[in-house]
Every structure is written in structure tokens, then in C-alpha cells.
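I opened the structure to look up how its parts pack together. These are my notes, in the order I made them.

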Amino acid sequence: MPFLLKGIVFGNDGRALSPWSTTKKKNGRQYRYYIPQRDAKEFAGASGLPRLPAAELESAVLNQLRSLMRAPDILRGVIAKAIAFDASIDEAKVTVAMLKLDQIWDQLFPPEQTRIIKLMVEKVIVSPNDIELRLRANGIERLVLELRQPAVEGMGVAA
């Protein structure tokens, strides 16, 4: 299973967190984590961050993005910017496309999920008490332009 946040997740010390996985010999189950590079290079605990279960961190980031995409004020601002960039954009179709993206997210192939996340998110900063998302300038607007009706149907959706 790929790491959705590979290359964009960092500790609050500015150092990257690296994807790491292990498989239990007994049951063959794979466990995925993001671990601070400082811990890997120096000693466990040097960064002050624990190894973070990948599924939990990725889920927290996705939940924050979903909240942003559903927020009426943000959606209105994004649509206005997108229309200013491309006058052929229809506000209703964009709203439907954004909702469709949320509904079909789990059906998208992992590389498409990763591409969308990296289109929108510049950096995820993890500290012991919170997670900060730094969005790309115009990332959501670029996604909206891609999500116009014909593009949604062509996304890499798993059968």
C-alpha cells in the first residue's frame, strides 16, 4: 500500500518524516508508519515525535481537506477564482464535482489519490499536539478546474 503523504509530511523541527513499514511474521499483517528522520539517524525519540501510524495521519489530513472542500465560504471563494480564470466554469457543476470527489475518493486508484493530495497540499507539519496543513497557492482552484464534469468521469476510478 502506498504512502499518501510521502514527501510532504514533516515534523515541527522541519525535518521530513519517512514512510516505514513492517510485517508481522506471525500473521503477515503489514503496519505502516511515518517516522521522523531524526529518530532514524540519531536515536528513537530524538525528535520528540512518536512514529505515527500512516492510516491515522492520512485520515486526519483527508478529513481536514474534506472539511475545507465542503465549507461554503471557501467553496464560494474557490469558485469565484476559478471562474475568473476560466469563464466557462459553471458554479453548480463545480459544486457537484467537489461533492462527487468526496463520494468517490475511496474508489480512486492510490496514485490518483496521491496526485490530488499533492496538487492541494504543499506540506503537512506534525507536532506533538497537532497537525498543520499548508495548502498550495491555488491548489484547490487547480483541482476545481480539473474537476469540471468531463474530467470527473475520466478520473482513475477502480472498478
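**Terms and source**

I took contact to mean heavy atoms within 4.5 Å. Helices (H or I, at least four residues) and strands (E, at least two) are DSSP runs, numbered from the N terminus. I noted that this is a predicted model, where local features need pLDDT of at least 70 and side-chain atom pairs count only at pLDDT 80 or more, while totals for chains, interfaces and linings use all residues. Residues are numbered from 1 along each chain as its sequence is written, and side-chain values use heavy atoms, with hydrogens and water left out.

**The whole chain**

I found 7 helices and 6 strands in the chain. Along the sequence they follow the pattern β-β-β-α-β-α-α-α-α-β-β-α-α. The C-alpha atoms fill a box of roughly 55 × 35 × 20 Å, taken along the principal axes.

For burial I used relative accessible area: buried is under 20%, exposed is over 50%, and partly exposed is in between (1.4 Å probe, protein chains only). Of the chain's 159 residues, 38% count as buried. I also looked up contacts between residues at least 6 apart in sequence, and 55% of these join residues at least 24 apart.

**Helix α5**

Which residues of α5 are buried? I listed E112, Q113, T114, I116, I117, L119 and M120. They pack against α2, α4, β5 (121-126), β6 and α6.

I picked out I116, which is in helix α5. I116 counts as buried because its relative accessibility is 1%. Its C-alpha atom lies 9.2 Å from that of G139, and the two residues are 23 apart in sequence.

**Helix α6**

G139 is also one of the buried residues of α6. The others on that list are I140, E141, L143, V144 and L145. I wrote α6 down as mostly covered, since 6 of its 8 residues are buried. What do the buried residues of α6 pack against? They pack against α2, α3, α4, α5 and β6 (131-135).

**Where α3 meets α6**

Next I looked at one helix pair. For the geometry, axes are lines fitted to C-alpha atoms, for helices over the stretch in contact, and angles run from 0 to 180 degrees between N-to-C directions. Helix α3 (residues 72-85) packs against helix α6 (residues 139-146) at an angle of about 65 degrees, and their axes are 9 Å apart. The crossing of α3 over α6 is right-handed. A crossing has that name if the near helix is turned clockwise from the far one by less than a right angle, and is left-handed if anticlockwise.

From α3, the contact uses V78, K81, A82 and F85, and from α6 it uses I140, E141, V144 and L145. I sorted these residues into 6 nonpolar, no polar and 2 charged. In this sorting Ala, Val, Leu, Ile, Met, Phe, Trp, Tyr, Cys and Pro are nonpolar, Asp, Glu, Lys and Arg are charged, and the others, Gly among them, are polar. I added a note on spacing: an α-helix has 3.6 residues a turn, so residues three or four places apart point the same way.

Is V78 buried or exposed? V78 is buried, because its relative accessible area is 6%. Leaving out residues up to four places away in sequence, V78 touches I140, E141 and V144. The C-alpha atoms of V78 and L143 are separated by 9.8 Å, with their places 65 residues apart along the chain.

**The cavity**

Then I checked for enclosed space. On a 1 Å grid over the protein atoms alone, a cavity is a set of points where a 1.4 Å probe fits but cannot get out, and lining residues have an atom within 4 Å of a point. Grid points are joined across faces, edges and corners, and a volume is the space filled by probe spheres set on the points.

I found 1 cavity of 30 Å³ or more. The largest cavity has a volume of about 80 Å³. Its lining is L62, L65, R66, M69, L101, D102, W105, I116, I117 and M120. By class, the lining has 8 nonpolar, no polar and 2 charged residues. Which helix gives the largest share of the lining? That is α2, with 4 residues.

**Two further residues**

W20 is in strand β2 (residues 17-23). I marked W20 as partly exposed because its relative accessibility is 33%. A55 is in helix α2. A55 is exposed, with a relative accessible area of 51%.

Key. On a 1 Å grid over the protein atoms alone, a cavity is a set of points where a 1.4 Å probe fits but cannot get out, and a pocket is an open set with protein on both sides within 12 Å along at least five of seven lines; lining residues have an atom within 4 Å of a point.
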